[in-house]
Each structure stands twice: as structure tokens, then as C-alpha cells.
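Colleague: Walk me through the enclosed spaces in this model, please. I want the reasoning along with the values.

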2 protein chains.
Amino acid sequence: MSVPNTQHRVVVAAFPDGIPQPTDFRVEEALVPDAEAGEVLVRVIDLSLDPYLRSVLSGRHIGHTRPEIGALMPGRATAEVVRSDDATLPVGSHVVAETGWQQYAAVPRASLRRVDRSDAPLSTALGILGMPGLTAWAGITQRMSLHRGKTFVVSAAIGGVGSTAGQLARVHGCRVIGIAGGAQKCALAVSHFGFDACIDYRDNDWETRLHDATPSGIDAYFDNTGGRILEGVLRQLVVGGEIVLCGLIDQYNTGVPYALPLAPVIGKRATLRGLVVYDFESQYPEYLAFAAPLVRNEQLRYLEDRSNGLTSAPLAFHRLMSGQNIGKAIVAVGEP
Amino acid sequence: MSVPNTQHRVVVAAFPDGIPQPTDFRVEEALVPDAEAGEVLVRVIDLSLDPYLRSVLSGRHIGHTRPEIGALMPGRATAEVVRSDDATLPVGSHVVAETGWQQYAAVPRASLRRVDRSDAPLSTALGILGMPGLTAWAGITQRMSLHRGKTFVVSAAIGGVGSTAGQLARVHGCRVIGIAGGAQKCALAVSHFGFDACIDYRDNDWETRLHDATPSGIDAYFDNTGGRILEGVLRQLVVGGEIVLCGLIDQYNTGVPYALPLAPVIGKRATLRGLVVYDFESQYPEYLAFAAPLVRNEQLRYLEDRSNGLTSAPLAFHRLMSGQNIGKAIVAVGEP
């Protein structure tokens, strides 16, 4: 495939105040970069949009520096190698790479994860077979002690992390209740992902509904949001229940550090554990070997919210951070 | 010993606003109550003052109802049985009982814990061999995974819970750093309790000092306070470190529910566990069998802040809740 001289890329036009707006980004024409020593040139296929990018834009995300105004928006993508002097990574190979929001990227070979397309559709390497899936698996298997018959709750229930976490909890024999925003998402949690129930936190009486759906209390909670959802679940937690703290979606937008009242944590003798997926990267092959067959035979399902073309990324990110996406947010940048 | 007809008792005159003041209480003359069926009459020897009583006065403490204005102030004490029709609990027996702040109390037999005075001085049944000691032991042995060479930190370091927790962590081979208010308390943490160091949180640069005292980070933290002390320790926690949440002394006075920013908890991959001592009452005999010999041979030490006479209780409670006590706060009410 011939490589053009110029491409489109998306740069940060302004640091978002609250929910990111499309106007916080700008599409530019730029040169396709040259691959330097130790790098290969890749062509972006699917760009992954993830809530953590919002905290990167606030300069708050572990292991990521905040981009300058005018600089390339960071992000992860599936891509095809188009120029390479490395025989172990030939042209035509498929990888996951930190490409940023652009069509072509020169990326360090050492940073790439090779993807076997026979495992599953390529885009799953960004979702259920990628970092979101690994996050869910690490939380469920390494940071919780789930047993058959326990009641498990997860927020952001049909997102990449939440939907996988809920399905894995079902594999462990748990009763699984999701929490999501809106009737459509809640219906999908049940119909598509097989959750036992899903509560719409936008309902005024969502706590009553959660209570009714978990009559013997909540044994384990996988929290992706913080805020009033976490506090409401804590009220319904059993004494001695456990919570994995995985994300703070509310805080990502507001910028106000979310703080959890501690008296109920003591009162519930709760155990809270922080989860950062980067700690589990070495266990990715183990996760992939476990999950890829289940994805192929649809025992583990996923849902993608696809938008078309790099220029749609700013609006798609706005939709993601305002909870309008249905499933893992992906921008189709180039031919598969 | 003859029992008088009247006695003194302390009632709640007003619900405290902030730190309890002596004027929030009133000393009254009252009748010595009659023991009814299932009760014995006890004479109070030493009254225990504990921070949890502050949250009882706010109506916030697990398992305790808030006393009415004009009602007896609740509290726990060592006492001697002076009237009993129960041959298994004869006159002259020593017990720990929920007597309230008075000289004589009629208490349900089933609620009493018999104390063997040959174990150690009677007042230790309120401190290191009582609920504070059991709290410390439960936190250290049941809610943490301490190992030789780890760095352990405890706040309210020379209080009943904190001083015992620090000594037990040393028994586990940990390096032990206390946090306390004032130079005198810090000196005692080292000289009397054998801590490796103690940081005065009233120093402006206490966090720097804590950092210098824990050069490889804090592995485990026993929190009795919440607030800025917890947040400062969290900043110095190792990745994957653990915290037992045992008390919220700050909040007890302010009445403002303390909330902990969660992003640092995730960033540190911390594990937080709430501790409530009542869960471990059935393990009290195990704790006593372990700790009593160590107290007798002074491998476990304690420190008491004694004030004399029931009428001194309101001021002593004010001193406790404003951090002026040195050691376990006890009011000597009657002859030992």
C-alpha cells in the first residue's frame, strides 16, 4: 500500500473545561512522519477512545504527560505496519500502538503489541481483548474474591470495562447487576450482555431500584465512576463487602477531585482496592489465552460504538465523556 | 461494703458543638438504682473515656443510641459487684460493664465481662487488655498483612489503640513510626513505647519529616484520625500499600463527615479496610491469652491519663477530645 506524503491529524486546541467539546480539538494537515531508528511507520485502522484520555488532558493520568496546546492528541489504535526494517515485524503486520489521533504514526518498535487477527476481529484488541478487557479481568480475578452466588454490581455497565467485568463475574457464578445511564443502555446490559438486571442511575429512585434488585445486599462492586453512584452502592453493600476502585469518570469531567465519605466505609467494614491496569500488563498473554476463545464462541460479547473518519473523533469523544456512546467507543480511521 | 442510697451521676446538659466542653455535662445527685431481675448492682471503680463517645453524642455510633438531654452519659467502666443473687457472679467480683458516668449502676448480668485481677492491674481491662487493645490486635492481625522489615505507621500513636498497635507491629518485626500531636507525646512514643520514631503532625513540615523517617515509603498505616493526617500518609504510601480505617477523631468533633479524595487511592493501588472492634469480640479470649503475659512482663506497655473523681469526667473528656491527654484516659471514680 503506498504511503502518502501528507495526512490529517487532530491536535489539542484548548484544554477542556468540563465535558470536552469538539471545539477543544482542531483537525490539521501534516506531513506523514519518517520512522527513525528503532521505529516503524504504521497506518491507523481503528482509534480507541477511552475515559482515561480525559484525565490525560487534565495532566492527572498516571504515566502520561499532558499534551501541549497545539500538540497531537494522544491515543491508542490498531494499525498496520507500512514501513519497517525489522524482519520480525514485517510490513502488513497488525499491531496496537500509541499512535495519537492521526492517520500515520512513527512508533517505537518496543512499544508495539502484535495482534493475531485470527484471534478475533482486529478492533477487539482495543476493547474486550485489549486494555479494557484486561482491566476488567484484573479487577475480577486479582483484586476481588468472587464466589458462586454472590451479588456483583458494576457501573458504566455497558462500557468496555464494565461489560467485560459483568460477564466475567457471571463466569464466576455471581448474580450480576449493572448500573448505567439511560433505558437503552440498561436494556442492552440485560439483552446483549446477559446481566441479571441493570439500574438506570438517572432515575430519581435508582437507589430504591438497586435495593430491590439486591435484596440480600451487594457483596462486590466494581466502580468505574466514583461520585453519588459509589456512595449509593456503598449504602447497599453487605457488611464486609468489597469494592474495586477502577475509575472516576465523573471527576474526569468536573476536574473536582472526588472524595468519598469514610464513616460508611468503616461502618460497612468494607475493603476498597485501587486498580491500575498497567500493573497487569505482564499477565496480558494469560488473559488473552483465556478470553480469546470465549470471544470467538460469543460466550464473552462486546458492543462497539463506531464513528467514521478521523475528523469524527472530537465529536465521538464528546459523546463518550457525556455518556452518549453505546459500547466501546471506536473511530474508524483507515481501511481495515 | 455498704451501699449508700444516693450517688453522683453525670448527665448530658447539651449536645456538644465541636470539641465537648465541661458545660455540656452536669453532675447530679441521684438514687442508687435497684438491680432488677437479671441484673446486678455494681460500684464503679475506673471509668473509661474513649473517642467513640463523642460520636455517640452525635447519634452516629454503630450500636449506640444517642442519649437524651438530661439522661445519663453512657460509658464503660471497671466495677465491683456489690449486690448479686447470681452465685456465678458473687459480690466482690470484678467486671467491665456499661455503667455510664455514675458511681453505682444496675447492669444486665449477660452484658458483663468478668475480669481476673491476677492478669494485670484492673484498669488495663479498659485499655491495653480491653476494647482498645482488642481493636489494635484485630487491625494488626486480622485486617493487615504485616511482615518483618515493613514500615508501619499509626496515628494517635500514644492513645490506647495506637500505642498497642505500634507495639504489636514491632512484635511482627516492623519498623514503627508514630504520628501524634506535640513533642511530649512524640517523645513518649519513642521512650515509653519503643517506636522507632514519632512525627508531630502539628509541625508545619510534618510531611517532610514523615518522608524522611520512611525513606522507602510506608507499607502499612493504621488510621485513627482521618483528615489531613490520612491524606499525608497516603502520599507517602508505597504502591500497593495497605490502610486500616479505624477511627475518625477529627470528624467526631467537627461533625462534618470526612471524605477522602479517591484518585490517590487508585494511584497508589492502595487497599483500605474498615475496622469495627465489635466484630472481634468472640476473639477476645484469644487476644487476652496472648497479650496478658506480655503486659505482665512489660513487653507490651501502656500509659494512663488518670483524673480523680467522677466530677472530673467532663473536663477529662474535653481534654481527651482536644488531644491534651497523655495515654489512655481514665477517671478514677471509686476505691480500687
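Modeller: This is a predicted model. Start with the second largest cavity: its lining divides into four nonpolar, five polar and two charged residues.

Colleague: Which residues line the second largest cavity?

Modeller: They are B:G127, B:I128, B:I158, B:G159, B:G160, B:S163, B:T164, B:R301, B:Y302, B:L303 and B:K328. Each is called lining because it has an atom within 4 Å of a cavity point.

Colleague: What makes two residues of that lining count as charged?

Modeller: Arg and Lys belong to the charged class. B:R301 and B:K328 are in the lining, so they count as charged.

Colleague: Why is B:G127 put with the polar residues?

Modeller: B:G127 is a glycine in that lining. Gly counts as polar, so B:G127 goes there.

Colleague: Which helix gives the most to this lining?

Modeller: Helix 3 of chain B, residues 160–171, with three residues.

Colleague: How much space lies in the second largest cavity, and how much in the largest?

Modeller: About 50 Å³ in the second largest. About 80 Å³ in the largest. A search of the whole structure finds three cavities of 30 Å³ or more.

Colleague: Why call the largest one a cavity and not a pocket?

Modeller: Because a 1.4 Å probe fits in a cavity but cannot get out, while a pocket is open.

Colleague: What lines the largest cavity?

Modeller: There are 16 lining residues, and the closest to its centre are A:G127, A:I128, A:Y302, A:L303 and A:K328. Helix 3 (160–171) and strand 16 (328–332) of chain A each supply at least two of the lining residues. Helix 3 of chain A gives the most, three. By class, the lining has six nonpolar, seven polar and three charged residues.

Key: Residues numbered from 1 in each chain as written. Chains lettered and ligands numbered in written order. Predicted model: local features only at pLDDT ≥ 70, side-chain atom pairs only at ≥ 80, totals over all residues. Heavy atoms only, no water. 1 Å grid on protein atoms, 1.4 Å probe; cavity = no way out; pocket = protein on both sides within 12 Å on 5 of 7 lines; lining within 4 Å. Points joined across faces, edges and corners; volume = space filled by probe spheres on them. Helix = DSSP H or I, 4+ residues; strand = E, 2+ residues; numbered from the N terminus.
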